[in-house]
Amino acid sequence: MNKRIDIIVVGTGASGLFYALNMPANKQILMITKTTVDASDSYLAQGGICVLKGEADYSSFFEDTLKAGHYENDKASVDVMIRTSPEIIEDLIALGVEFEKKNGEFAFTKEGAHSKARILYHEDMTGKEITGKLLAQIKKRKNITILEEMTMVDLICEDNMCSGVVACDRKGYINLFESDYVILASGGLGGLFDSSTNFRHLTGDALAIALKRKIELENISYIQIHPTTLYSQKPGRRFLISESVRGEGAVLYNRRMERFVDELLPRDLLTMAIREQMEKDESDFVWLSMKAMGSENIKTRFPNIYQHCLEEGYDVTKECIPVTPAQHYFMGGIKVDLDSKTSMKHLYAIGEISCNRVHGANRLASNSLLESLVFAKRAATHISQNYETGKQNKPYVNTNEFKDLEQLKKDYKESILAEIERSKVVELFNHTKA
Ligand SMILES: Cc1cc2nc3c(=O)[nH]c(=O)nc-3n(C[C@H](O)[C@H](O)[C@H](O)COP(=O)(O)OP(=O)(O)OC[C@H]3O[C@@H](n4cnc5c(N)ncnc54)[C@H](O)[C@@H]3O)c2cc1C
């Protein structure tokens, strides 16, 4: 298929959907997605979404974000994210998203490294609630088309100007989609790791393409490990035990059933402590107990976690569960400015694949959905206000390059992992110099 469209969005997670909804209806938008429309990490989000509760909360929200990020965050990005958060929550509510309320007021939960409860949530399925409602709105828009099982394998570009996407469909046919703008909203890279909470098809493809096309990357070795995922010997995605479970009273035990750590440390520090304990215990996991939260509370507040653990053979209202760290989030990515522009003209990146250094070296819990939505909306505003028609004559694309897709997948994976290793060495060198 050869097709010309105004804008192509790669990915149907929260960032891609919110971007499309924020564009004017006179722009024809094509969204492509690697598997099914709801198979995104956004859909899996359990804990919630942070919001600034009022001016009095600003400095502690700012400080919590910077402290968790080891003060490597870009302060302007953090400021924009925090200041825009109330507007984003209003937008979500207007689009039909429901957050938990108590006595008519919003209920807030707390997660690791937050000094205050400032996280809005919907049971333990906040991501499903947000993504599901955004998707329902997208389906009403006549200017937006979604193609499932359509995988971006390259960008169409020349002289550092992007003019479309090369994509492979479920039958292996190569499609050339030309456009004025391309928005990369393709999520993280957990699928490259054996043990990750991410969907297996999220393999950071856009990073490999960026390397090939010499698009600037940032902090590519900054990969977050989540301290508590349900231990399992089965292959596949690791099931997350949300930080809000610890925020609401769950505790960690070593093999002698003794507490060994402050459960609300930032993710990277808690992961280190758990790994040390696992080594001492000569075990592949530590224990997590939710029992003190009470049976009814567990079932209503965390129905998804309760049900999943039950299916895996654990009744969390009565017994401990084995937990272990796993890859979870990517703080680095394609370098962008505050409007989500990349170093290539007419190419933007939003959500987890982008990096404006808002998370620094370690993301604060529940800042990710927020960041995805804030900077997706800014990209939409910037493009709408500065819209320029792109290249009319498509640069030559050699489709033979994509004949052996299995080999291409391997090459892309190797190039990303090699770049991560290279970037770690540069990091070490810079720290040694300092
Ligand atoms: C289990 C879990 C729980 C989480 N809980 C929270 C939480 O409580 N709060 C919070 O703030 N954050 C949470 N996060 C993180 C957060 O959900 C994600 O960082 C965020 O939603 C990313 O959104 P996104 O739009 O960038 O990417 P995603 O939602 O991952 O979407 C990526 C999209 O890109 C598509 N795609 C990828 N590659 C290609 C390709 N080559 N071609 C075409 N399409 C492609 C995918 O199919 C998918 O549609 C959680 C993450 C996980 C995994």
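**Sheets, cores and the ligand shell**

I'll start with an open sheet in which three strands follow the order β11-β16-β18, with mixed pairing. The edges of this sheet are β11, residues 217-218, and β18, residues 354-355; each has a single partner strand, so one side of each is left without a neighbour in the sheet. Strand β16, residues 333-335, pairs with β18 in the parallel sense, over two bridges. One position to look at there is Ile334, whose bridge partner in β18 is Ser354. Before going further, note that this is a predicted model.

Next, another open sheet. It has four strands, ordered β12-β15-β14-β13, and the pairing is antiparallel. At its edges are β12, residues 223-230, and β13, residues 251-253, and each of these pairs on one side only. From one strand to the next, the twist averages 45°.

Take strand β15, residues 321-330, and its pairing with β12: the two run antiparallel and are joined by six bridges. His226 stands opposite Ala326 of β15, and Leu230 has Val323 in β15 as its bridge partner. Then there is strand β14, residues 286-289, which runs antiparallel to β15 and is joined to it by three bridges. Here Leu288 has Ile321 of β15 as its bridge partner. How much of β15 is buried? Nine of its ten residues are, so to speak, mostly covered ground: the strand counts nine buried residues out of ten.

As a general reminder, side chains in a regular strand alternate between the two faces of the sheet.

Now β8 and β9. Strand β8 covers residues 151-158, and seven of its eight residues are buried, so β8 is largely enclosed by the rest of the structure. Its antiparallel partner is strand β9, residues 161-168, and seven bridges join the two. Within that pairing, Ile156 stands opposite Gly164 in β9. β8 and β9 form a hairpin with two residues between them, and in the turn Asp159 has a positive phi of about 50°.

There is a positive phi elsewhere too: Lys214, just after α6, takes one of about 60°. Helix α6 itself spans residues 205-212; six of its eight residues are buried, so the helix is largely enclosed by the rest of the structure. Those buried residues are Asp205, Ala206, Leu207, Ala208, Ile209 and Ala210.

On to the cores. The largest nonpolar core has 90 residues, and the ones with the most contacts inside it are Val9, Val10, Tyr19, Ala20, Val165, Val182 and Ile183. Which helix gives this core its largest share? That is α11, residues 368-385, with nine residues. Apart from this core lies another, of 22 residues, including Val245, Ala250, Cys309 and Ile321. Ile321 has come up already, as the β15 partner of Leu288. Back in the 90-residue core, Ala20 touches Val9, Ile29, Met31, Ile138 and Ile144, leaving out residues up to four places away in sequence.

Now the ligand. Which residues come nearest to it? Of the 42 residues around the ligand, those are Gly11, Gly13, Gly47, Gly187 and Gly351. By character, the shell divides into 13 nonpolar, 25 polar and four charged residues. As for where the shell comes from, at least two residues each are supplied by α1 (14-21), α2 (41-44), α5 (126-140), β8 and α11. Two of these elements we have met: β8 in the hairpin with β9, and α11 in the core.

Last, a single residue, Ala45. It is placed in the loop between α2 and β3, the latter being residues 49-50. Is Ala45 buried or exposed? Ala45 has 27 other C-beta atoms within 10 Å, and 20 or more make a residue buried, so Ala45 is buried. Setting aside neighbours within four places in sequence, Ala45 is in contact with Thr126, Gly127 and Leu369. There is also a pair to point out: Ala45 and Thr131 lie 86 residues apart in sequence, while their C-alpha atoms are 9.5 Å apart in space.

That's the tour; I'll take questions.

Note on methods:
Residues are numbered from 1 along each chain as its sequence is written. This is a predicted model: local features need pLDDT of at least 70, side-chain atom pairs count only at pLDDT 80 or more; totals for chains, interfaces and linings use all residues. A nonpolar core is a set of buried Ala, Val, Leu, Ile, Met, Phe, Trp, Tyr and Cys residues joined through C-beta atoms within 7 Å. A residue is buried if 20 or more other C-beta atoms lie within 10 Å of its own, exposed if 12 or fewer, and partly exposed in between; C-beta atoms are placed from the backbone. Two residues are in contact if their C-beta atoms, placed from the backbone, lie within 7 Å. A residue is near a molecule or strand if its C-beta atom, placed from the backbone, lies within 6 Å of it. Ala, Val, Leu, Ile, Met, Phe, Trp, Tyr, Cys and Pro count as nonpolar, Asp, Glu, Lys and Arg as charged, and the others, Gly among them, as polar. Two strands pair if DSSP finds at least two bridges between them. Axes are lines fitted to C-alpha atoms, for helices over the stretch in contact, and angles run from 0 to 180 degrees between N-to-C directions.
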